Amino acid sequence: MRLLVVIFILFCLGGCRGWRSEKPPVHLNPNMDFQASIKPQENPQLMPDHTIAWGMESDISYPEHRDAIIKQKNIRFYTGKNKEGLWVKTVPIDVTNAVLKRGQERYDIYCSMCHGKDGSGNGIIMEYGWFKPKPYWDDAIVSYTDGQLFDIITHGIRTMPSYSQQIKESDRWAIVTYIRALQVSNKMNFQDVPLEYQQKLKSL
Ligand code: HEC
């Protein structure tokens, strides 16, 4: 009997090799323990494309719910950030002449009184002592991503007020493309002008 006990103890000790097993423990009844579930305190999952949030299917006819769903789907367009929360580098719309024209028109209405029609920061308001913004072709502003410019219109920045109520998203992006045009036209060299216009400019 004693011999058996000693053999049993030696047998058990034989299992101790001094390091931890990397294998998962034996799991006799797994139930649903190994599923891709959301853990407590974890961020909510982003909605996959072409799906509707559970519980919102019947509410889709309410405009405010529909808006919330659409906004979540097209997060780049509505926030200027991508799903990872990084600034969108270029405008998430197709840039056409019509978009640029629209941007110019909206810019002249909403921004030019402070920033000036040319974007120099010499708007009419400056005569009344408002804070003077930097010209748009200041390196700091040129280096902003399109998403950041969109965000400045949405939320304002420091002494500049927000324009989210007055200007809808598509127009904010149009204004961003127009700001880029103002920057290029103030920073470009003569060689950058298309050839057919170079002649015209020389004859002026
Ligand atoms: C009421 C005057 C006013 C209006 C209107 C206005 N801005 Fe501004 N904006 C400012 C001022 C002032 C600053 C400088 C803010 C500061 O540095 O404190 C500024 C700064 C900026 C900047 C640069 C931010 C930076 O980091 O220096 C951008 C870009 C800009 N505005 C875009 C716009 C656009 C686009 C519009 C029109 C939708 C607009 N602003 C309308 C006053 C205005």
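Helices here are DSSP runs of type H or I with at least four residues, and strands are E runs of at least two, numbered from the N terminus.

**Figure 1. The whole chain is an all-helix run in a predicted model.** Going from the N terminus, the elements read α-α-α-α-α-α-α-α-α. That makes nine helices and zero strands. Laid along the principal axes, the C-alpha atoms take up a box of roughly 115 × 45 × 40 Å. The radius of gyration is 31 Å, whereas a compact globule of 204 residues would come in near 17 Å. Of those 204 residues, 25% are buried. Take the contacts with a separation of 6 or more, and 47% of them join residues 24 or more positions apart.

**Figure 2. Zooming in on the iron atom of the ligand, we find His115 and Met160 as its protein donors.** The donor atoms are NE2 of His115 and SD of Met160, and they sit 2.0 to 2.2 Å from the iron. What geometry does the site of the iron atom have? It is octahedral, with six donor atoms and angles of 84 to 178 degrees among them. His115 belongs to helix H5 (residues 112–115) and Met160 to the loop between H7 and H8, so this pair ties together parts 45 residues apart in sequence. As for accessibility, His115 counts as buried at 12%, while Met160 is partly exposed at 24%.

**Figure 3. Tyr107 and Tyr178 make a tilted aromatic pair.** Five aromatic pairs turn up in the model, with ring centres within 6.5 Å as the cut-off. In this one, the centres of Tyr107 and Tyr178 are 5.5 Å apart and the planes meet at 55 degrees. Tyr107 comes from helix H4 (residues 97–110) and Tyr178 from helix H8 (residues 169–187), so the pair ties together parts that lie 71 residues apart in sequence. Are these two tyrosines buried or exposed? Both Tyr107 and Tyr178 are buried. Tyr136 joins in as well: Tyr107, Tyr136 and Tyr178 form one aromatic cluster.

**Figure 4. Phe150 and Trp173 stack between two helices.** Their ring centres are 4.2 Å apart and their planes differ by 15 degrees; stacking needs planes under 30 degrees apart, so the pair counts as stacked. Phe150 is in helix H7 (residues 146–155) and Trp173 in helix H8, so here, too, distant parts of the chain are linked, 23 residues apart. Neither ring-bearing residue has any relative accessibility to speak of: Phe150 is buried at 0%, and Trp173 is buried at 0% too.

**Figure 5. Lys81 sits over the face of Trp87.** This close-up is about a charge and a ring. The distance from Lys81 to the centre of the Trp87 ring is 4.9 Å.

**Figure 6. Thr90 is an exposed residue in a loop.** The loop in question runs between helix H3 (75–79) and H4. With 52% relative accessibility, Thr90 counts as exposed, because the cut-off is over 50%. What does Thr90 touch, leaving aside its neighbours within four places in sequence? It is in contact with Arg76 and Asp146. For a sense of spacing, Thr90 and Leu100 are 10 residues apart in sequence, and their C-alpha atoms are 14 Å apart in space.

Note on methods
Residues numbered from 1 in each chain as written. Predicted model: local features only at pLDDT ≥ 70, side-chain atom pairs only at ≥ 80, totals over all residues. Heavy atoms only, no water. Phe/Tyr/Trp six-rings, centres within 6.5 Å; stacked < 30°, edge-to-face > 60°. Buried < 20%, exposed > 50% of the residue type's maximum accessible area, 1.4 Å probe, protein only. Lys NZ or Arg CZ within 6 Å of the ring centre and 35° of its normal. Donors = N, O, S within 2.8 Å, 3.2 Å for Na, K, Ca; no water. Tetrahedral: all angles 85-135°; square planar, octahedral: opposite > 155°, others 65-115°. Rg over C-alpha atoms; globule rule 2.2 N^0.38 Å. Contact = heavy atoms within 4.5 Å.
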